[in-house]
Amino acid sequence: KYKHEETFLKLKEEIQNTRLQYDFEFWAITCCKIQDKRTKKMIPFNLRVAQRILLGELEGMRTSGLPVRVILCKARQWGGSTEIQLWMAWIQLFIKENWHSAIVADVEDQAKNIQSMYERMAMHHPKDIMEVRIKPHVRSQKTRIFEGRGCQLNIGSAQKPDSLRSFDFS
């Protein structure tokens, strides 16, 4: 009986680890915490209907080998920005290495606030699944790197578009 139980637990772990690489929504609810707007507590990131529709568009382009191009016209506070940032983090953690991204907002402080979602995700990510470490890249205030993945996260602003000129973005 014990031997079967051990085999079952290994199989369960292997299935979970494989699913994390192919199922963003599973990773999001399993590994990502967001701050609840009302209680301010950290809760699992459970996608809403509108977020699932957006995910379908993103994954449709990505899995077809097309460039991912989305103009997100949105009302505030429905979670579109959070979803996009966590989807990018999932790609950088599980799918691509040396795959760089940029967060561009009207002003740099807004981009820094969005970048903090990555850092919050890393802080709360289950260590038994993967320890996520994000550190400044070459002492840069605007660039972070996923340790062990080579993926950079850069911030910029529409007010200073030249600040992102020399980067290699995916």
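What percentage of the 170 residues of the chain count as buried? The share is 36%. The legends below describe a predicted model.

**Figure 1. Overall view of the predicted chain.** Five helices and six strands make up the secondary structure of the chain. Their order along the sequence is α-α-β-β-α-α-β-α-β-β-β. The C-alpha trace spans about 65 × 35 × 35 Å along its principal axes. The radius of gyration is 17 Å, which agrees with the value near 15 Å for a compact globule of 170 residues. Among contacts with a separation of 6 or more, 58% join residues 24 or more positions apart. The accessible surface of the chain is about 11,100 Å², and carbon and sulfur atoms contribute 52% of that area. The chain carries 28 positive and 20 negative charges, and the mean positions of the two sets lie 4 Å apart.

**Figure 2. Close-up of the aromatic cluster formed by Phe24, Trp27, Trp90 and Phe94.** The chain has four aromatic pairs. In one of them, phenylalanine 24 and tryptophan 90 meet edge-to-face, with 5.8 Å centre to centre and 65° between the planes. This pair links distant parts of the chain, as phenylalanine 24 belongs to helix H2 (residues 24-31) and tryptophan 90 to helix H4, 66 residues apart. Phenylalanine 24 has a relative accessible area of 3% and is therefore buried, the cut-off being under 20%. Tryptophan 90 counts as buried because its relative accessibility is 0%. A further pair joins tryptophan 27 and phenylalanine 94, again described as edge-to-face, with 6.2 Å centre to centre and 70° between the planes. Here too the link is between distant parts of the chain: tryptophan 27 is in helix H2 and phenylalanine 94 in helix H4, 67 residues apart. Both tryptophan 27 and phenylalanine 94 are buried.

**Figure 3. Close-up of glutamate 59 in helix H3 (residues 49-63).** Glutamate 59 has a relative accessibility of 15%, so this residue counts as buried. Leaving out residues up to four places away in sequence, glutamate 59 touches Trp87 and Trp90. Trp90 is also a member of the aromatic cluster with Phe24, Trp27 and Phe94.

**Figure 4. Close-up of arginine 52, a residue of helix H3.** With 36% relative accessibility, arginine 52 counts as partly exposed. Its contacts, apart from neighbours within four places in sequence, are Glu25, Asn46 and Leu47. Isoleucine 129 is 77 residues from arginine 52 in sequence; the C-alpha atoms of the two residues are 24 Å apart.

**Figure 5. Close-up of isoleucine 155 in strand E6 (residues 151-157).** Isoleucine 155 is buried, because its relative accessible area is 0%. Once neighbours within four places in sequence are set aside, isoleucine 155 is in contact with Ile103, Glu108, Ala111, Lys112, Gln115, Lys142 and Leu164. Glutamate 13 is 142 residues away along the chain, and its C-alpha atom is separated from that of isoleucine 155 by 35 Å.

**Figure 6. Close-up of lysine 40, in the loop between strand E1 (33-35) and strand E2 (42-44).** The phi angle of lysine 40 is near 70°, which is a positive value in a residue other than glycine. Lysine 40 counts as exposed because its relative accessibility is 52%, and the cut-off for exposed is over 50%.

**Figure 7. Close-up of asparagine 98, in the loop between helix H4 (80-95) and strand E3 (101-105).** Although asparagine 98 is not a glycine, its phi is positive, at about 55°. Helix H4, on one side of this loop, also holds tryptophan 90 and phenylalanine 94.

Note on methods
Residues are numbered from 1 along each chain as its sequence is written. This is a predicted model: local features need pLDDT of at least 70, side-chain atom pairs count only at pLDDT 80 or more; totals for chains, interfaces and linings use all residues. Side-chain values use heavy atoms; hydrogens and water are left out. Helices (H or I, at least four residues) and strands (E, at least two) are DSSP runs, numbered from the N terminus. The radius of gyration is taken over C-alpha atoms; the globule rule is 2.2 Å times the number of residues to the power 0.38. Buried means under 20% relative accessible area, exposed over 50%, partly exposed in between (1.4 Å probe, protein chains only). Contact means heavy atoms within 4.5 Å. Accessible areas come from the Shrake-Rupley method with a 1.4 Å probe; for residues, only the protein chains shown count as cover. Lys and Arg count as positive and Asp and Glu as negative; His and the chain ends are not counted. The place of a charge is taken as NZ of Lys, CZ of Arg, CG of Asp or CD of Glu. Rings of Phe, Tyr and Trp (its six-membered ring) pair if their centres lie within 6.5 Å; planes under 30 degrees apart count as stacked, over 60 as edge-to-face and the rest as tilted.
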